[in-house]
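Visitor: I'd like a close look at a single part of this protein, with enough of the surroundings to see where that part sits. Could you walk me through one helix and its neighbours?

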Amino acid sequence: MTSQPLARITAVQRPVAAPLQRRHKAAIIVRFLLSEGADIPLTDLPEDLQQSLTQAMGQLRYIDRDTLSDVLGEFASELEQIGLAFPDGLAGALETLDGKLSPETAARLRREAGVRQKGDAWARLSALDADVLMGFFERESLEVSAVLLSKLPTDKAAGILARMPGDQARRVAFAVSRTEQVTPEAVYRIGVSLATQIDQAPPKEFAKPPAKRLGEILDVSTANTRDSVLTGIEEDDAEFARALRGVILTFADLQYRLKPIDAPAVVRTIGDDDMALIISGATEENDISSWKFMLANMSKRLSDQLRSQARERTTPDTEEVETAMARVVKVIRRMQAENGLELLPIPDVKE
């Protein structure tokens, strides 16, 4: 009997591979992209698809080059045929139109369809303002509070803990010590539940809290008006008055709130006229301390120049000085918003 070449025998005996299913092709593409260093946001996929993809990847072992080339070629061909892709479902559509729809319309669509915002729930929660997060700690159980505190960035968690009353802070901190056996599934469910509360909250007309909004108004009000309003509010709501005092910025505060290194840039932005007017007309001790602080952190030539201009002016009246001080505060607030100017926290004691 004539022997067959070894290659021929091998070819005849090799079993025919079953056709690859689409989920296996998807797993091959994902594995290839990951091996090339691509960052694939698989968390954006529905949970069932993440599970199916993972299972398909676990069923594969080795893929020869020809098969890989065929799968990648088929994938590239399908991509070339796509003219326009739309987001997946109403949740995806709302994500795409984020910022384009009115807050009221977006909130109503979410409630009617029962959809949540896409994305990782814990990433969304970690990005929330501390005031919003405090609301969760006031409403939720100790167990949920302990998980939430543990999942927040360290700096934000420390700030939250510092804002809690002493007894609450101790109870939440102790509850953290009991979270060792909490499962990833439980943490996931807690995150989704908390994020859902955000989505279901009714839309708000004002993005800034009341103290911040009123504080910005009082920033540029006259001293008499500001003091009168604060005194009245303190009589009716001492807690709100404390919050209000914490956000108000006055010219007198600049000696405490402004970083020495930022003083020259602030003075340049304010302009010589207003600074000279304030130097020549300020009478309150704290106002005088603030302009002296600013000049002390400038070059001697520029500070001497401003003092000289102030001496040459006629003494302005109180209203002119307060108006100039209000303009200075407006400039600093604008520098905060546009240039990232950072102010120091309000000291506990102003000496």
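Guide: Let's take helix α17 and work outwards from there. Keep in mind that this is a predicted model. For the setting, the protein has 21 helices and 0 strands. Of its 351 residues, 30% are buried. Among contacts with a separation of 6 or more, 74% are between residues 24 or more positions apart. The protein exposes about 23300 Å², and carbon and sulfur atoms supply 53% of that area.

Now to the helix itself. α17 covers residues 263-270, and its buried residues are A263, V266, V267 and I270. Look down the axis of α17 and those buried residues fall within an arc of 95°, so they line one face of the helix. The spacing has a simple background: an α-helix has 3.6 residues a turn, so residues three or four places apart point the same way. Right after α17 comes G271, which takes a positive phi of about 105°.

What does the buried face of α17 pack against? Its buried residues pack against α18 (272-281), α19 (285-296), α20 (300-312) and α21 (318-339). Those helices turn up again in the largest nonpolar core, which has 30 residues. The elements giving two or more residues to this core are α17, α18, α19, α20 and α21, and α21 gives the most, with 8 residues. Inside the core, the residues with the most contacts are F251, V266, M275, I278, W291, M294 and I332. You'll recognise V266 from the buried residues of α17. As a general backdrop, nonpolar side chains tend to be buried together in soluble globular proteins.

M275 is a handy residue to click on next. Leaving out residues up to four places away in sequence, M275 touches V267, I270, W291, M294, L295 and L306. Two of these, V267 and I270, are on the list of buried residues in α17. Not everything nonpolar is in this one core, though: a second, separate core has 20 residues, including L128, V147, M164 and I190.

Back among the helices around α17, try D287, which is found in α19. D287 is an acidic residue, yet is it buried or exposed? At 13% relative accessibility D287 counts as buried, because the cut-off for buried is under 20%. Beyond its neighbours within four places in sequence, D287 is in contact with F251, A252, A282 and M325. F251 is 36 residues from D287 along the chain, but their C-alpha atoms are separated by 6.3 Å. F251 is also one of the residues with the most contacts inside the largest nonpolar core.

Compare that with Q305, placed in helix α20. Q305 is partly exposed, with a relative accessible area of 32%. Its C-alpha atom is separated by 9.3 Å from that of A276, which is 29 residues away along the chain.

One last stop, earlier in the chain, is a pair of packed helices. Helix α14 (residues 223-236) and helix α15 (residues 238-247) pack at an angle of about 145°, with axes 6 Å apart. On the α14 side the contact is made by L230, I233, E234 and D236, and on the α15 side by A238, F240, A241, L244 and R245. By class, that contact has 6 nonpolar, no polar and 3 charged residues.

Methods: Residues are numbered from 1 along each chain as its sequence is written. This is a predicted model: local features need pLDDT of at least 70, side-chain atom pairs count only at pLDDT 80 or more; totals for chains, interfaces and linings use all residues. Side-chain values use heavy atoms; hydrogens and water are left out. Axes are lines fitted to C-alpha atoms, for helices over the stretch in contact, and angles run from 0 to 180 degrees between N-to-C directions. Helices (H or I, at least four residues) and strands (E, at least two) are DSSP runs, numbered from the N terminus. Contact means heavy atoms within 4.5 Å. Ala, Val, Leu, Ile, Met, Phe, Trp, Tyr, Cys and Pro count as nonpolar, Asp, Glu, Lys and Arg as charged, and the others, Gly among them, as polar. Buried means under 20% relative accessible area, exposed over 50%, partly exposed in between (1.4 Å probe, protein chains only). Accessible areas come from the Shrake-Rupley method with a 1.4 Å probe; for residues, only the protein chains shown count as cover. The arc is that of the directions from the helix axis to the C-beta atoms. A nonpolar core is a set of buried Ala, Val, Leu, Ile, Met, Phe, Trp, Tyr and Cys residues joined through side-chain atoms within 4.5 Å.
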